[in-house]
Every structure is written in structure tokens, then in C-alpha cells.
Amino acid sequence: MSAEQHLAAAVQGVAQAPEKVAEELPNLITLLEHFFPKSHFVHWLFRWENIFFSLLVLSFIVIRSIGAARKNEFLPQGLQNRWELVFEGLSGFVTGILGPRGLEHVPFLGTLFLYILLQNWLGLLPFMKSPTSTWSTTIALALITTVYIQGVGIKAHGFVNYVKHIAGNPVGILGLALVPLMFVINLSIEFFAVPLSLSLRLFANVSSEDKLIFKFAELNVMYHWLPFFFQLFANVLVILFSFIQAFVFLLLSTVYISLILPHEHEDEHDAAQEKSLSHPRSPTT
Amino acid sequence: MEYFQENIHLGEVLVQMIAFLIVFFTIKKFAWKPLLSIMKARRERFESEWGGIEKTKQDVAALQKDYQSHLQKIEEEARAKMQEAILEGRQLAREIQEKARLESQASFEKAKANIELEVQKAKISLREEVANLSIRVAEKILTEKMDSASQEKKALEILGELERTL
């Protein structure tokens with residue numbers, strides 16, 4: 001049995017498995033599972049396949065970015081040049097929305113973007129898988145983002161003001177009466193709706209892309225490579241939409257941070273008030 | 001709820017979170033900070049060098065302006081000196097001309113006086129000569145007895161001699 005026949009059998013096997021309908025192309029680990037169904041190690045690997053592919057991406061990012069940073073050349077070339085281009089672009093984007101104060105959030109948001117983007121694109125490589133096509137991966141990233149955003153809010157406002165903000169900044173008896181309701185609404189939005197929307201959007205899009213590629217591959221096998229150009233077109237779309245999804249995640253995270261940070265004009269207003277208090281006007285003016 | 005349980009594996013979520021946090025803190029310390037600081041240092045150096053270039057440009061422009069004003073001043077001075085020299089030259093020429101004219105006038109006057117003197121001298125000499133000749137003619141006439149023809153001949157000879165002498 002040739003390797004090609006094995007591959008076709010694996011595809012059909014995954015596709016025709018009665019307990020689970022195949023939705024993705026076979027990857028390295030599903031092939032191993034097919035060839036070594038009794039191996040505990042392969043089974044364990046299959047159980048943690050998303051983590052395995054995530055670690056591949058993480059290793060790539062860590063090794064390449066640190067390698068680029070270690071070059072430390074004043075006139076960058078090659079790897080350092082490419083990473084500087086990426087970092088500069090991300091810094092420009094984040095500081096464009098958040099202003100100069102956004103510079104401290106660039107590493108988090110940049111890492112998040114690169115991590116999601118490369119995970120999305122990983123599924124395009126043969127025998128690889130997009131870990132972001134599972135909800136577990138995207139919800140983990142969304143939860144970390146949520147915690148980071150709330151942490152930024154607490155750091156920027158102080159804990160008491162942050163709680164007041166969650167309580168809807170109550171004023172008067174009516175405001176105080178509405179505190180429980182505001183708590184529920186704000187906590188639901190901040191800690192449930194935001195991570196849910198972030199994670200579901202990414203998961204649904206990437207898993208749909210994987211399904212699309214799988215369906216075209218299936219059609220290619222069925223119709224003797226006739227729809228091959230359609231698959232190429234789908235691949236181009238997947239490259240594009242994977243980028244867009246990573247970008248949307250970055251954009252929304254940046255916007256959430258910008259919403260939770262005190263507005264710049266409020267700062268200016270506060271500063272003006274402090275100034276007027278420290279230099280009170282004379283009674284004649 | 002079943003959908004959540006099927007799609008979200010808590011262990012996987014937890015490991016993903018830990019993995020992401022590890023990579024985030026690692027590359028924040030070892031990649032983001034060094035690269036951003038390199039870029040910042042480069043930007044600052046370019047800005048400072050650019051500022052230096054701008055300052056040098058301004059200095060060069062100021063120097064050029066200074067040189068041009070110097071050149072203009074030098075040209076004006078040269079022009080003034082040339083004018084002065086021309087005026088001096090003209091003055092000198094006039095003086096030389098005047099002097100030459102005066103000298104020529106003086107030498108002309110002198111020559112004229114000399115000529116007049118010479119003429120006077122010649123006149124005196126001629127008068128003396130004529131007187132001498134007259135005396136000699138008279139002497140000869142008185143000393144020699146001559147006929148009228150020979151007297152006439154003699155007188156012509158004396159006149160011819162007189163012409164030769166003059």
C-alpha cells in the first residue's frame with residue numbers, strides 16, 4: 001500500500017468514522033493515530049494535539065524573535081529586519097489607537113496577534129492543524145485578554161474607582177438602587193460577553209476555514225483534481241481571512257483597553273481642575 | 001451546555017493559558033524590549049543626526065550669506081579703489097599734460113628768444129660785414145684808378161663776393 005493510498009484511506013477513515021464526522025484535513029497526529037491505533041503515546045498526543053501544534057507556533061515565535069533580538073545590530077538585516085518590521089507595524093497600530101500610553105500594551109497585544117495569526121495559518125501547511133479551530137484555544141486567549149484588560153482598568157483607575165465603574169458610577173438614591181443591576185450587567189458584559197464574542201468569532205471562522213479546505217480536498221479526491229483551482233482560491237481566501245481574524249482580535253482587544261483606560265480629555269480636565277484649585281482666582285476676577 | 005462540554009476542555013484551556021503566558025513573558029523580556037529599545041535608540045540617533053544636519057545646513061547658509069556679503073563688500077571696495085585710481089590717473093595725466101605744455105611753452109619761448117638773439121647777432125654781424133665791405137669797397141675805389149667799366153666790374157665782383165659770404 002503506497003503512502004498516497006494510506007493518506008487517502010486516512011482521509012476517508014476520518015471522514016467516515018461513525019462516532020465523529022470529519023471536519024478537517026488529517027494532520028500529523030491523526031495520521032499517527034491511524035497508523036498506530038493501539039499506542040498509548042500516540043493516543044495521549046492525539047488528546048493534546050491542539051497543545052502540540054500551539055507549542056510548535058510558540059517555539060517558532062520564541063526562537064525566531066529572540067534570535068532576531070539577539071543580533072542587536074544598529075543597521076538591521078535579515079531576521080532582525082523582518083521582526084523589527086512586524087514590531088514597528090504593531091506598535092504603530094496600537095499607539096495609533098491608544099496614543100503614546102499604548103506603548104506599554106504593545107508586547108501583550110503584539111504577541112497575541114502573532115500567536116493567533118500563526119496558529120490560523122498553521123492549518124494551511126500539510127499535516128498541520130490550526131489550534132485556533134478549537135474553542136478551547138480561543139477561549140483561553142480570550143480569557144487571558146479579558147483578565148489583562150480588567151487588570152489595566154484596575155491599574156489605571158485604582159480598585160475603588162474600578163468597582164465604582166463596574167457599579168455604573170452611582171449618583172443619588174436611584175443610582176444606588178440600581179447598583180446590583182449594574183453589577184450584573186457590567187460583570188456579564190466584561191467577563192462573559194467579551195470573552196465569549198472574542199473566542200467564538202475566532203473559533204467559528206477558523207474552524208469554518210478548515211472545513212472549507214477539507215471539503216475542497218475531498219472534492220479533489222472524488223473528482224480527480226478537477227476542482228484544484230477552486231481549492232487554490234479557497235487557500236488564498238483562508239490566508240486572507242486568517243489574517244483578518246487575527247487582526248480583528250487585536251483591534252477589539254485594543255479598543256477594549258482604550259475603553260477601560262481613562263480618557264485623555266478627562267485627564268486634561270482633572271489636571272486643569274487641580275491647577276485651578278492650587279491657584280485659586282482672586283475674588284475680583 | 002453539552003456543546004460547551006464537547007468543545008471546551010478545561011485542561012486544554014488551562015495549558016493554553018499557561019503556555020501563552022510563558023511565551024508572552026519570555027518574548028516580552030527577551031524580544032520585545034530589546035527590539036523596541038534598539039528601534040527607539042535608532043530613531044533618536046536619526047533624529048539627533050537629522051537635527052545636526054539641519055543645523056549644519058543653517059550654518060552653511062549663514063556662512064554663504066556672510067561670504068556673499070563679504071564678496072559684495074570687497075567688490076564695492078575694489079570698484080571704489082578703481083574709481084579712485086582712475087581719478088588719480090586722470091589727475092596725474094592732466095598734471096603731466098599741463099607740465100609738458102608749460103615745459104614746451106618754456107622751451108618754445110627760449111628757442112624763440114635764442115632765435116631772436118641769433119637773428120640780432122646775425123643782423124649785427126651782417127651790419128658789421130656790410131660796413132666792412134663798404135669800407136673795403138670804398139678803400140678799393142679810392143686806391144685804384146679805374147674806368148667806369150672796370151669800376152662796374154669790380155663792384156659786381158665785390159657784390160658776388162658779398163653774396164658768397166652771406
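Here's a quick briefing on chains A and B, how they touch, and one helix of chain A. The model is predicted, so bear in mind that local features need pLDDT of at least 70 and side-chain atom pairs count only at pLDDT 80 or more, while totals for chains, interfaces and linings use all residues. Residues are numbered from 1 along each chain as its sequence is written, with chains lettered from A and ligands numbered from 1 in the order in which they are written.

**Where A meets B**
- Contact here means C-beta atoms, placed from the backbone, within 7 Å; on that basis 31 residues of chain A touch 25 residues of chain B.
- On the chain A side, the elements giving two or more residues are helices H4 (49-71), H5 (78-98), H6 (106-122) and H7 (135-157).
- H4(A) hands over the largest share, eleven residues.
- That side of chain A splits into 20 nonpolar, nine polar and two charged residues; Ala, Val, Leu, Ile, Met, Phe, Trp, Tyr, Cys and Pro count as nonpolar, Asp, Glu, Lys and Arg as charged, and the others, Gly among them, as polar.

**Chain B**
- Chain B has three helices and zero strands, where helices are DSSP runs of H or I with at least four residues and strands are E runs of at least two, numbered from the N terminus.
- Of its 166 residues, 8% count as buried (20 or more other C-beta atoms within 10 Å of a residue's own, all placed from the backbone).

**Helix H11 of chain A**
- H11(A) covers residues 228-260, and its 33 residues should span 48 Å at 1.5 Å a residue, which agrees with end C-alpha atoms 48 Å apart; the expected span is 1.5 Å times one less than the number of residues.
- Its buried residues include Val238(A), Phe249(A), Leu250(A) and Ile257(A).
- Among the elements covering the buried residues of H11(A) are H5, H6, H7 and helix H10 (179-222) of chain A.

Note on methods:
Contact = placed C-beta atoms within 7 Å. Buried ≥ 20, exposed ≤ 12 C-beta atoms within 10 Å, placed from the backbone.
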